[in-house]
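I opened this notebook to record what I looked up, entry by entry, beginning with a single acidic side chain and working outward.

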Amino acid sequence: MEYWHFSETPYPDLPPEDSYDSIRVTMPNSVIDPAKAADLWARYIEDWKVADEAGLNIMVNEHHGTATCMDAAAPVVAAALSQVTKNAKILVLGNPVSNRKDPIRVAEEMALVDLLSRGRLEVGFVRGVPYEVSATNSSPVRMNERMWEAIDLIKAAWETHDGPFNWEGEHFQHRQVNIWPRPYTQPRPPIWVTGMSPTSVPRIADNDYVLATFLTGHEGTKKVFDAYRTRWAESGKGEVPVDRLAYCAMTYVGRTDDEGMEGAEQLMWYLRSNKVPPQFILPPGYTPYFVRAAALQGGKSAFDLATMTMDQLLESGIMFAGSPSTVTAQIEEFHDRVGGFGHLILHGQAGFMDHDTTSRGIRNFVELVKPRLDSLFTSSTPVGAAVAAGV
């Protein structure tokens, strides 16, 4: 099992909740004190340095027009981290290529970060959240198709070394594709793609990319992982290596259960603060008509996370929190219920959680939980064989 420290790098000092209708897209940036934002960025980088020194890998993501994530340019942050860390792999999860007009620029950015880190980069791709369709002036229609064409073009740009080639796709047209520099890792950096529902999984499995899912709990995660295993088996590839599957959970480890729960309460800022009106949640064309209809009729969706209690978050496996023995047991149970996986992304900072508290959670996990999990899991053992075989 590999472990990754993750923070969305929030700007938590917001006006009273009743004074705004959305934390995304429409909140004016006059709310931000640039000096305070600079201080926050300095300490977030310190958090990641602690993770690197402790033995964790690092994950960064990207959002636009939102206070929950000040990282509007993940390649910039990844490049900075490449110079202040030594050992950690740096995962960008991810590049919202459906909202980017120029995939070749993404290929160049990632190649440069891979060089700066001397091959420590892992590249993740995401379709992009619905809130940012308007913020990036993109179309919500056919986003999935644009994402996959962009990934194919970026991969070709990384792997082609015999001179320029032209790309005449349905969504992108490029002349003289010949990126300089090319990636440090040959033939390319590892690729991850997020998948939040079973229907999004088959193409990820077809390409042997790492599948990552976020805060989906044991029920949602098992469905997504099982879809990957089924597709993998249908392709005649045998058992799925565990390093093809990744899960992100909010995680805080204290020396005691009480200390762990205090940290978990601070992490809940991320869920509680996500105030977004319906017009940004479901732009027309972003989701299939039947999913949109269910949501409009009050069906259950990922946005119910904001109303879940701490007990519900813990029971579902969206949150791992408590003492080392408690968290070890929670992760072991989750691992068994979903059929195993090889990457655990630890969403270990949110809201007003300060550097000292964040660092304690990181070190407690590495020193007191990771050795126990290492004795339980091995990164080379295939899992899900029974599911893949249909038994």
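I began with Asp226, which is buried at a relative accessible area of 16%, and I kept in mind that the model is a predicted one. Its side chain meets that of Arg229 in a salt bridge, with 3.1 Å from N to O. I then looked up the partner, and Arg229 is also buried, because its relative accessible area of 0% is under the 20% cut-off. Both residues lie in helix 7, and because they are 3 residues apart there, about one helical turn separates them.

I next went through the other salt bridges, of which the search of the whole structure finds 21. One of them joins Lys237 to Asp208, and the closest N and O atoms are 2.4 Å apart. This pair links distant parts of the chain, 29 residues apart: Lys237 sits in the loop between helix 7 (217-234) and strand 9, while Asp208 sits in the loop between helix 6 (202-206) and strand 8 (210-214). I noted that Lys237 is partly exposed, with a relative accessible area of 30%, and that Asp208 is partly exposed as well, at 32%.

I also looked up Asp243 and Arg244, whose side chains meet in a salt bridge at 3.2 Å, N to O. Asp243 counts as partly exposed, with 29% relative accessibility. Elsewhere I recorded a network in which salt bridges with shared partners join Glu2, Lys89 and Glu122.

I turned to the cysteines and found 0 disulfides in the search of the whole structure. For Cys69 the nearest cysteine sulfur is that of Cys248, 13 Å away, and a disulfide needs the two sulfur atoms within 2.5 Å, so Cys69 is in none. Cys69 is buried at 2% relative accessible area, and Cys248 counts as buried at 1%.

I then asked how many cavities of 30 Å³ or more the structure holds, and the search finds 1. The largest cavity has a volume of about 100 Å³. Its lining includes His5, Leu56, Tyr252, Gly348 and Phe365. Strand 9 (245-253), strand 11 (343-349) and helix 14 (355-376) are the elements that give two or more residues to this lining, and the largest share, 4 residues, comes from helix 14.

My last entry concerns the surface, where Leu112, Leu115, Leu116 and Tyr184 form a nonpolar patch with about 340 Å² of accessible area together. Leu115 belongs to helix 3 (residues 103-116) and counts as partly exposed at 31% relative accessibility.

How values were computed
Residues are numbered from 1 along each chain as its sequence is written. This is a predicted model: local features need pLDDT of at least 70, side-chain atom pairs count only at pLDDT 80 or more; totals for chains, interfaces and linings use all residues. Side-chain values use heavy atoms; hydrogens and water are left out. Buried means under 20% relative accessible area, exposed over 50%, partly exposed in between (1.4 Å probe, protein chains only). Patches are made of residues with over 30% relative accessible area and no salt bridge: like charges are joined within 9 Å, nonpolar side chains (Val, Leu, Ile, Met, Phe, Trp, Tyr) within 5 Å. Accessible areas come from the Shrake-Rupley method with a 1.4 Å probe; for residues, only the protein chains shown count as cover. A salt bridge is a side-chain nitrogen of Lys or Arg within 4 Å of a carboxyl oxygen of Asp or Glu. On a 1 Å grid over the protein atoms alone, a cavity is a set of points where a 1.4 Å probe fits but cannot get out, and a pocket is an open set with protein on both sides within 12 Å along at least five of seven lines; lining residues have an atom within 4 Å of a point. Grid points are joined across faces, edges and corners, and a volume is the space filled by probe spheres set on the points.
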